[in-house]
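Here are my notes on the model you sent over. I have kept them as numbered points, so you can check each one against the coordinates on screen.

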Amino acid sequence: MEEQKATNFVAISGINFPARSRKYLMGLVRQIVERHSAKFVVVAGGTIAGRELEKELKQKIRARELELKDEKGVDKMAEKLTLTKNFISEKVAALNEFLPKLKDVNYHIVIAESILDRPIGTRILEDLAKLRGGADGDIRLYTDPEAKMTIQVQGFGEMRVLVPRKTPWFYENITGLTQRLVNSFMSKTFSPKPRLIMVGGTGTGSFLPRYGPGVPIVSVPGLNKIEEQLSTENMVGCVVM
């Protein structure tokens with residue numbers, strides 16, 4: 001692929017579908033993508049409200065088990081698998097409707113499986129990617145919580161997108177969690193320094209022009225109705241780069 005002299009993209013994080021996600025916020029993202037002629041959208045973790053969906057599925061399975069408690073000759077494991085499959089399919093269809101298709105724009109989705117999206121979110125996103133065309137569709141998935149993305153711009157190279165692996169501590173400083181994730185990454189990587197680091201899952205918007213090893217750091221605000229603080233979450237929005 002030929003490298004460009006310049007590009008731009010939109011970054012979002014924490015859609016939290018379907019628990020605290022809001023259709024109007026995705027509508028605003030669409031407007032921003034179109035207004036700036038963005039080439040792609042980075043989703044930095046938290047696309048799926050994983051814990052909420054795990055709880056909902058568990059409740060459905062328990063209710064079905066109670067219905068079948070006195071039934072004889074019923075394969076309860078098969079019933080559980082069927083219920084789970086149908087549940088996943090239902091959420092995939094709903095997310096497909098929720099996530100707008102943008103002309104000539106792909107979504108690069110980093111999965112924060114450990115604490116945000118959870119394994120159920122990974123399944124939903126994998127099925128959604130297949131539904132939207134697989135390798136020829138508009139969704140690219142990254143399962144590495146320190147995802148490496150190559151930016152096709154002359155002389156730029158790579159950026160990293162970091163998402164939390166563990167439940168965050170509470171910080172008074174809004175850049176506290178961002179700095180901890182960056183420090184953890186930089187302390188153990190043997191790769192060359194990226195040209196840019198974006199951090200998702202913090203619920204904050206901040207810019208550190210030359211943090212630590214001299215790399216610009218951008219934290220991406222949340223894109224949901226913030227109802228609780230696990231760390232320093234206090235901003236709703238998106239970032240145009």
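**Notes on the fold, the loops and the cavities**

1. Start with one residue pair. V10 has V41 in β2 as its bridge partner. This pair sits in a predicted model, so please read every value below as computed from that model. The strands concerned are β1 (residues 10-12) and β2 (residues 40-44). They run parallel and are joined by 3 bridges.

2. Now the sheet around that pair. It is an open sheet of 5 strands. The order is β4-β3-β2-β1-β10, and the pairing is mixed. The edges are held by β4 (139-142) and β10 (239-240). Each of these two has a single partner strand, so one side of each is left without a neighbour in the sheet.

3. Which strands does helix α1 touch as it packs on this sheet? Helix α1 covers residues 23-36 and touches β1, β2, β3 (106-110) and β10. Its direction makes about 160° with that of β1. Helix α4, residues 118-131, packs on the sheet as well. Its contacts there are with β3 and β4. The direction of α4 makes about 150° with that of β4.

4. There is another open sheet of 5 strands, with the order β5-β6-β7-β9-β8. Pairing is mixed here too. β5 (146-151) and β8 (206-211) are the edge strands, and each pairs on one side only. On average, neighbouring strands of this sheet are turned by 20° against each other, direction ignored.

5. How does the pairing run strand by strand in this sheet? β5 and β6 are antiparallel and share 6 bridges. T150 has E158 in β6 as its bridge partner. β6 and β7 run parallel, with 4 bridges between them. L162 stands opposite V199 in β7. β7 (residues 196-199) also pairs with β9 (residues 215-219). Those two strands run parallel and are joined by 3 bridges. Within that pairing, I197 faces I217 in β9.

6. One helix to look at on this sheet is α5, residues 176-188. It packs on the sheet and touches β5, β6 (157-162), β7, β8 and β9. The direction of α5 makes about 130° with that of β7.

7. Next, the chain as a whole. Its secondary structure comes to 5 helices and 10 strands. The radius of gyration is 19 Å, close to the 18 Å that the globule rule gives for 241 residues, so the chain is as compact as a globular protein of that length. Along the principal axes, the C-alpha atoms fill a box of roughly 65 × 40 × 35 Å.

8. Two backbone details deserve a look. The peptide bond from F17 to P18 is cis, with omega near -5°. P18 lies in the loop between β1 and α1. The other detail is D104, which has a positive phi of about 60° although it is not a glycine. D104 is placed in the loop between α3 and β3.

9. How many cavities of 30 Å³ or more does a search of the whole structure find? The search gives 2. The largest has a volume of about 60 Å³. Its lining is made up of I61, R64, E65, L68, K76, E79, K80 and L83. By class, that is 3 nonpolar, no polar and 5 charged residues. α2 (50-67) and α3 (76-98) each supply at least two residues of this lining. The largest share, 4 residues, comes from α3.

10. The second largest cavity holds about 30 Å³ of space. It is lined by K148, E158, R160, S191, P192, K193 and P194. By class, this lining has 2 nonpolar, 1 polar and 4 charged residues. Note that E158 appears here as a lining residue and in point 5 as the bridge partner of T150.

Definitions and conventions
Residues are numbered from 1 along each chain as its sequence is written. This is a predicted model: local features need pLDDT of at least 70, side-chain atom pairs count only at pLDDT 80 or more; totals for chains, interfaces and linings use all residues. Side-chain values use heavy atoms; hydrogens and water are left out. On a 1 Å grid over the protein atoms alone, a cavity is a set of points where a 1.4 Å probe fits but cannot get out, and a pocket is an open set with protein on both sides within 12 Å along at least five of seven lines; lining residues have an atom within 4 Å of a point. Grid points are joined across faces, edges and corners, and a volume is the space filled by probe spheres set on the points. Ala, Val, Leu, Ile, Met, Phe, Trp, Tyr, Cys and Pro count as nonpolar, Asp, Glu, Lys and Arg as charged, and the others, Gly among them, as polar. Two strands pair if DSSP finds at least two bridges between them. Axes are lines fitted to C-alpha atoms, for helices over the stretch in contact, and angles run from 0 to 180 degrees between N-to-C directions. Contact means heavy atoms within 4.5 Å. The radius of gyration is taken over C-alpha atoms; the globule rule is 2.2 Å times the number of residues to the power 0.38.
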